[in-house]
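Okay, thanks everyone, I'll keep this short. Today I'd like to walk through aromatic rings and who they sit with. Have a look at this one first.

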2 protein chains.
Amino acid sequence: MARATAKATITDVAKHAGVSLSTVSRVMNGNPSVDPALAERVRGVATELGYTASPLARSLVLGRTQTVAVVVPDLGNPTFQAVLRGLSRAAATDGYHVLIADSAEQVAEERLLAVETRRRTDGLILCAPRMPDDELAMLLPEVRPVVLVNRGMDAAVPSIAADYATALRGLIDHLYSLGHRRIAYLAGVARSASNTARLAALSGFRAAHPEVELIELASGVDFDSGAAAADAVLGSRATAVLAFNDLVAMGLLSAVSDRGIRVPDDLSITGFDDIPFARYTSPPLTTASVPAADLGALAWQALHATLTGEEAAASVRLEPEVVVRGSTGPPTS
Amino acid sequence: MARATAKATITDVAKHAGVSLSTVSRVMNGNPSVDPALAERVRGVATELGYTASPLARSLVLGRTQTVAVVVPDLGNPTFQAVLRGLSRAAATDGYHVLIADSAEQVAEERLLAVETRRRTDGLILCAPRMPDDELAMLLPEVRPVVLVNRGMDAAVPSIAADYATALRGLIDHLYSLGHRRIAYLAGVARSASNTARLAALSGFRAAHPEVELIELASGVDFDSGAAAADAVLGSRATAVLAFNDLVAMGLLSAVSDRGIRVPDDLSITGFDDIPFARYTSPPLTTASVPAADLGALAWQALHATLTGEEAAASVRLEPEVVVRGSTGPPTS
DNA sequence: CTGTTAGCGCTTTCAC
DNA sequence: GTGAAAGCGCTAACAG
């Protein structure tokens, strides 16, 4: 017969049970130094009153909230959604809660969001691919413990990232082996961490294959920018295009299809990330599979490790896999 | 020259400024009853020390956390992702934080998650389409203030929902006007709130059009169950199928296409929700557009209203719009 | 084993 | 206008 009204406090329980606060506290925390019979009685009163310790009060005195913060640049992006999902489930497994902040692509807000959410939690998981290096460097000490996702920094802070460079290289090699010699790259956001990695892959490839024409084209990171890039891509006379990510690839695919271009016969297209929908376009998208949910889970593991002080969490780098589907093929022209 | 080490407390500031705690508190809270000059000095010390009031301590004494909880059944589902996004951004606008819990489709966990996250926050936004009515009824009083998403209850708790019944009816009418007389329905999760609404729409249509054959088929709520239902759908000899949602529709579309079935010539398919990818299938999906992000934003508004006690938040019901794309057409058989 | 006493860091009467 | 003191609900020495 629990009365759900006006949440009972530890004092109520103590009074009803005729014991001191400490005893109740001990019982509730499973401290064995309490007489079993007494403990039983206290527990009885507690359940009768529907008592649960206030997380707030505990947090204040214990100095930990059992909560971590995560800031992402866009909750609408499937990749970050997957990171969040992996993170959230992993954290839940360890009894932690997740406070979430979406900067909505406002890089200027990220710092504040990070600091603010961090103060209400025990640690931070930061996805801020576009925050300038120097700003990030200033921020990091302030929000420790923190783990970075998809972005390296100094070794002092653990970073869980996919190896964008190697993966993109895999995609280029795939196109090359198909026979493509004129390849466009839709560059996404210029100053993002993963774009930097991709550009490195590009120049690596250039060095190895000077005979191949690599054309860099500007673009955004979503459907619309992919679609908007269609004319530029077609104008470039490339036979294949590396899109910044699956979203861009899908937008492009859709737009060129509308213009009567056949994929992959007239144009091969690769995506990046392997979001859940990549296999359902037509043709299905060749892409690099970034295990975003794993990234989230690993980020949690790293943070949890430093939280429990077991070990200095190590950075980890995941290798995406090139998954070849129908959107790439040999050039016909 | 802010020293970021060991977060300064209000006591530090008071000491450095040579004033009492109360004064610092007043200054930090913009209480005008402080001598402007003194206030200025205190503010100086505060910034110098990099002082910010501990949200935890404030929460404890003020009795509010500036945080709300949201529980969703699956963070991998685009609809709930959109709800979360709309909610998170709206809440951020009002200076609130969002604590998120993903029950990972474990209906048994939802109650606990709801109660636990609610205790650390000021209110709850609950998406629990599959929780049994009686369990929900028991839970609600315990987590108030709460607002329900996509699920009505008694009038006592505000509910923000899309009108699934009317929308599905719109989809059926669309198929009917196209000439379909044998229509299959992929029923998704049997006991979910929105499925109940859909079934109501179905029987409404049956009453109006006894000449139409309406075939109910079991299915899940994701790609795979859509694909898995392909044989059953084909076996039913329906000329059109109403999929439980876009995911199911896409899975089905993909599977029947693989079998050489042409959509919409051989089979018309409708989805539900209008997730961002629905327009990028081929053919693009005819579906009912559920403004999930708006649902989230409205849920926030309702919760915020009851939090600030301005008014008793009202329930709202949004009308999805039927959006006709390429996956539906007249039957050819 | 159990109770008493300090706080955790802050806000808020209540006096001066 | 400013400070002293009480207390938000809990835990953790510290005594018995």
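Before anything else, a quick definition: I say a charge sits over a ring if NZ of Lys or CZ of Arg is within 6 Å of the ring centre and within 35 degrees of the ring normal. Also, keep in mind that this is a predicted model.

So, with that in hand, go to A:R198: its charged end sits over the ring of A:F244, 4.0 Å from the ring's centre. Over in chain B, B:R198 lies over the face of B:F244, also with 4.0 Å to the ring centre.

Now for rings with rings. How many aromatic pairs turn up over all chains? Searching the whole structure gives eleven. Take A:F277 and B:F277: their centres are 3.8 Å apart and the planes make 5 degrees, so we call that pair stacked, the cut-off being under 30 degrees. That pair crosses between chains, and on each side the Phe comes from the loop between β9 (268-270) and β10 (287-289). Buried or exposed, these two? A:F277 is buried, at 6% relative accessible area, and B:F277 is buried as well, at 7%.

One more pair, this time inside chain B. The ring centres of B:Y96 and B:W300 are 4.9 Å apart with planes at 55 degrees, so this one is tilted. The two are 204 residues apart, with B:Y96 in the loop between α5 (78-93) and β2 (97-102) and B:W300 in helix α13 (residues 292-307). Both B:Y96 and B:W300 are buried.

Last thing, back to the Phe pair: ring pairs link A:F223, A:F277, A:Y280, B:F223, B:F277 and B:Y280 into a cluster.

Definitions and conventions:
Residues numbered from 1 in each chain as written. Chains lettered and ligands numbered in written order. Predicted model: local features only at pLDDT ≥ 70, side-chain atom pairs only at ≥ 80, totals over all residues. Heavy atoms only, no water. Phe/Tyr/Trp six-rings, centres within 6.5 Å; stacked < 30°, edge-to-face > 60°. Helix = DSSP H or I, 4+ residues; strand = E, 2+ residues; numbered from the N terminus. Buried < 20%, exposed > 50% of the residue type's maximum accessible area, 1.4 Å probe, protein only.
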